[in-house]
Amino acid sequence: MTAKVSLPDTLLQMGGATLRWLLGGWRIVLFGVVVLSLALSPTTYKRENRHAIAYQIVLGTTANLIWFSVLSALASVILIRIVVVTALSYGLSKYALEMVVRVLVLELIPLSAALFIALRRTLPDGVELAEMRARGDLHALQRQGIDPIRREFFPRAVAGIFSVWMLAAVSCVLTLILAYLSVYGFTQWALAGYTRVVGQIFNPAVSMIFMLKTLFFSLAVSLIPMASSLYDTSQTSLHSRSKAANELAAMVRLFFVILLIEIASLMGNYY
């Protein structure tokens with residue numbers, strides 16, 4: 001009897017969880033449309049809004065770019081050395097460079113840049129915005145005639161997107177330089193062969209998939225935490241949910257989307 005009674009309740013709970021998940025996805029899409037419309041609106045770039053956008057971009061990029069570049073350089077040197085030594089031991093040295101570029105530049109660096117910005121910037125920003133909503137700061141801005149989405153949400157979203165692009169671009173260039181130095185040393189005579197190998201890897205299809213993956217990573221990292229702080233806390237008071245619970249909910253949703261993007265890019269590159 002207990003099993004008969006609990007089964008409908010379980011189905012109802014699963015259905016409610018699925019409905020909330022789909023509703024959350026729809027709200028993320030809606031927030032993305034709002035951000036896109038604001039990006040195309042000239043009124044968004046008035047003097048006070050330009051200051052807020054520039055401040056968030058500089059704040060989100062400078063410190064993160066230095067730390068991520070250092071960490072990615074150290075990790076790249078170690079991984080390049082491992083791949084090169086392993087390839088030499090198996091007599092596959094001619095494939096070592098291609099493997100390094102494919103594994104590091106195509107796959108690991110965009111993914112790690114997105115996760116780095118998410119953990120260091122956008123997820124904490126989402127929690128901060130949720131707390132601002134709970135304190136009534138956003139309503140105070142509305143009473144002053146200031147659009148909180150235009151002033152607080154949009155600059156943080158743009159900063160997150162730009163930061164992922166910048167970190168990925170700088171780290172990819174740095175990794176390509178380190179790969180050349182690790183394989184060929186400080187000589188210019190192998191530069192022609194190296195650029196030919198890299199060019200063969202980055203054919204038009206792979207290059208488009210790489211750019212689209214980086215773009216979707218940046219959009220997911222920026223929009224999901226902001227949309228969660230804007231819509232999720234409007235229904236549930238932040239006082240009833242801990243700061244860690246709000247950040248964890250956005251993190252799970254974000255990692256799920258990033259996983260889907262990575263799977264799609266792998267299928268596009270290798271199937």
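Mentor: Helices and strands here are DSSP runs, with at least four residues for a helix and at least two for a strand. Keep in mind as we go that this is a predicted model.

Trainee: Happy to. How many helices and strands does the protein have?

Mentor: There are 8 helices and 0 strands. Following the sequence, you read the pattern α-α-α-α-α-α-α-α.

Trainee: What share of the protein is buried, and what do the contacts say about sequence separation?

Mentor: Of the 271 residues, 41% are buried. Among contacts with a separation of 6 or more, 84% join residues 24 or more positions apart.

Trainee: Could you show me one such residue up close?

Mentor: Let's take isoleucine 57, which sits in helix α2, residues 47-89. Its C-alpha lies 9.3 Å from that of alanine 157, although 100 residues separate the two in sequence. Leaving aside residues up to four places away in sequence, isoleucine 57 touches Val158, Ala159 and Phe162.

Trainee: Now for the helix pair. How do the axes of α2 and α5 cross?

Mentor: Look at distance and angle together. The axes of α2 and α5 (residues 148-184) come within 6 Å and cross at roughly 25 degrees. Angles under 35 degrees count as roughly parallel, so α2 is roughly parallel to α5. The crossing is right-handed. As for the residues in this contact, 21 are nonpolar, 12 polar and 4 charged.

Trainee: And how should I think about nonpolar cores?

Mentor: The general idea is that in soluble globular proteins, nonpolar side chains tend to be buried together. In this structure, the largest nonpolar core has 36 residues. Those with the most contacts inside that core are Phe31, Leu123, Phe153, Leu167, Val221, Met226 and Leu254.

Trainee: Which elements give two or more residues to this core?

Mentor: They are α1 (2-39), α2, α3 (96-135), α4 (137-143), α5, α7 (204-235) and α8 (243-270). The most comes from α7, which gives 9 residues.

Trainee: Let me pick methionine 226 from that core. What does methionine 226 touch?

Mentor: Again not counting residues up to four places away in sequence, methionine 226 touches Phe31, Thr122, Asp125, Gly126, Leu129, Phe153, Arg156 and Ala157. Two of those names, Phe31 and Phe153, you have just met in the list of core residues with the most contacts.

Trainee: How many residues are in the other core?

Mentor: That core lies apart from the largest one and has 23 residues, including Ala179, Ala190, Tyr194 and Val198.

Terms used: Residues are numbered from 1 along each chain as its sequence is written. This is a predicted model: local features need pLDDT of at least 70, side-chain atom pairs count only at pLDDT 80 or more; totals for chains, interfaces and linings use all residues. Side-chain values use heavy atoms; hydrogens and water are left out. Contact means heavy atoms within 4.5 Å. Axes are lines fitted to C-alpha atoms, for helices over the stretch in contact, and angles run from 0 to 180 degrees between N-to-C directions. Angles under 35 degrees count as roughly parallel, over 145 as roughly antiparallel, 65 to 115 as roughly perpendicular and the rest as oblique. A crossing is left-handed if the near helix is turned anticlockwise from the far one by less than a right angle, and right-handed if clockwise. Ala, Val, Leu, Ile, Met, Phe, Trp, Tyr, Cys and Pro count as nonpolar, Asp, Glu, Lys and Arg as charged, and the others, Gly among them, as polar. A nonpolar core is a set of buried Ala, Val, Leu, Ile, Met, Phe, Trp, Tyr and Cys residues joined through side-chain atoms within 4.5 Å. Buried means under 20% relative accessible area, exposed over 50%, partly exposed in between (1.4 Å probe, protein chains only).
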